[in-house]
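Please keep the viewer open and follow the stops below in order, making each selection before reading on.

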Amino acid sequence: MQPYTKNWTQVSEFVMMGFAGSREAHLLFFTLFLTIYLFTLVENLAIILVVGLDHRLRRPMYFFLTHLSCLEIWYTSVTVPKMLAGFICVDGGKNISYAGCLSQLFIFTFLGATECFLLAAMAYDRYVAICMPLHYGALVSWGTCIRLAAACWLVGFLTPIFPIYLMSQLTFCGPNVIDHFFCDAAPLLALSCSDVTWNETVDFLVSLAVLLDSSVVIVVSYGNIVWTLLHIRSAAERQKAFSTCAAHLMVVSLFYGTLFFMYVRTKVTSSINFNKVVSVFYSIVTPMINPLIYSLRNKEVKGALGRVFSLKFWKGQ
């Protein structure tokens, strides 16, 4: 929190510092992140296209996967284009209005919370498929899938409303340089000249609630899955059942590991630069890795990619 003085006026625009370095380093960063961003778009669009075109993948698991791919596209598009503009010094590339900053934070939090709930819904789908296969059609019907997906998006949308409202009531009257590459809550609170104790507490509790609620569903689902797998006598059947969960478990581990580190804290406990690196991982790198995990570890997806795009490489795996 910045100390308040009567000479300061309300900030109407912020400047995002991004990553420090020379112009050559910024051009390198620009090339790297642009490549990752384009790769992320192509991968996730390919998943959406393949699931939509291949009738063999019209099942609940892939229904949720298309929602996750749509979300990943929007998730990266909220932050990366603005960051890229800052690297190449486009006019106003590093500047963002007060309203634009709060809007970016709202959408980013909304999509992040929605991803947590979608991953929980996908874990429940795998739990029913493996632990209660005879009841799968009744428990995970298309109507149930649509309601689950709608609930994920709705609860995700509601998650940032109160924290952003509290953020909008703060006074920003001093330095306007955000030491980050997007408008995240912690660096914004550091610039406020109001008392941010209540904001920090609410942000912590909301983050904890989202992560704990969704992770409990995931842990309970996979706990039951492991228990069921241990009682399958056939090693081949056990391996086949586990293979359907392995990709999702890897995605969950990557995403939740970084989120728990970043957001379930009341104070900043490490360097700003290290926090930026962690933020890059969960907001930019993970959305690129997820489609690779789902495609490379899933024979059905690889087969569908081969059929849709006629790539012999995929057919031969």
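Which side chain meets that of Asp179 in a salt bridge? Select Asp179 together with Lys276, whose side chains form that bridge with a distance of 2.8 Å from N to O. Asp179 belongs to the loop between β3 and α7 (185-191), while Lys276 sits in helix α10 (residues 272-296), so the pair ties together parts that are 97 residues apart in sequence. The two partners can also be compared by their surroundings: Asp179 is partly exposed, at a relative accessible area of 26%, whereas Lys276 counts as buried, at 2% relative accessibility. Bear in mind throughout that this is a predicted model.

**The whole chain**

Zoom out and colour by secondary structure, which shows twelve helices and three strands in the protein chain. The chain has 317 residues, of which 48% count as buried. Of its contacts with a separation of 6 or more, 79% are between residues 24 or more positions apart.

**The sheet**

Next, select the three strands, which make up an open sheet in the order β2-β1-β3 with mixed pairing. At its edges are β2 (95-97) and β3 (177-178), each of which pairs on one side only. Begin with β1 (residues 13-16) and β2, which are antiparallel and share three bridges; here Glu13 is opposite Ser97 of β2, and Val15 is opposite Asn95 of β2. Then turn to β1 and β3, which pair in the parallel sense over two bridges, and show Val15 with its bridge partner in β3, Val177.

With the side chains of β1 displayed, which residues point to the buried face and which to the other? Phe14 and Met16 point to one face and are buried, while Glu13 and Val15 point to the other face and are not buried. In a regular strand, side chains alternate between the two faces of the sheet.

**Helix α3 and the second salt bridge**

Add helix α3 (residues 98-131), which lies across β1, β2 and β3 and runs at about 90° to β2. Now select Asp125 and Arg126, which form a salt bridge in which the closest N and O atoms are 3.0 Å apart. Both of these residues are buried. Side chains of opposite charge can pair when their charged atoms come close. With a cut-off of 4 Å between the side-chain nitrogen and the carboxyl oxygen, the count comes to two salt bridges.

**Cys245 and Ser221**

Keep Arg126 on display and select Cys245, which is found in helix α9 (residues 235-263). Cys245 is buried, with a relative accessible area of 2%, and its contacts beyond the neighbours within four places in sequence are with Arg126, Ile130, Tyr222 and Ile225. A distance drawn from the C-alpha atom of Cys245 to that of Met122 reads 9.6 Å, although the two residues are 123 residues apart along the chain.

From there, move to Ser221 in helix α8 (residues 197-230). Ser221 counts as buried at 5% relative accessibility, and, again leaving aside neighbours within four places in sequence, Ser221 is in contact with Ala123, Tyr124 and Tyr127.

**Helix α5 and its two sides**

Select helix α5 (residues 142-158) and view the helix from its side: its 17 residues reach 24 Å from the first C-alpha to the last, close to the 24 Å expected at 1.5 Å a residue. Then look along the axis with Thr144, Cys145, Ala149, Cys152, Trp153 and Gly156 highlighted, these being buried residues of α5. They cover an arc of only 165° around the axis, which puts them on the same side of α5. What do the buried residues of α5 pack against? Displaying the surroundings shows α2 (60-87), α3 and α4 (136-139) as their packing partners. Rotate to the face of α5 turned away from its buried side, and the exposed residues Ile146, Arg147 and Leu154 come into view.

**Last stop: Val50**

Finally, select Val50, which is found in helix α1 (residues 23-53) and is buried, with a relative accessible area of 1%. Add Lys302 and draw the distance between the two C-alpha atoms: Val50 and Lys302 are 252 residues apart along the chain, and these atoms are separated by 9.8 Å.

How values were computed
Residues numbered from 1 in each chain as written. Predicted model: local features only at pLDDT ≥ 70, side-chain atom pairs only at ≥ 80, totals over all residues. Heavy atoms only, no water. Pairing = 2+ DSSP bridges. Helix = DSSP H or I, 4+ residues; strand = E, 2+ residues; numbered from the N terminus. Contact = heavy atoms within 4.5 Å. Axes fitted to C-alpha atoms, helices over the stretch in contact; angles between N-to-C directions. Buried < 20%, exposed > 50% of the residue type's maximum accessible area, 1.4 Å probe, protein only. Expected span 1.5 Å × (residues − 1). Arc of directions from axis to C-beta.
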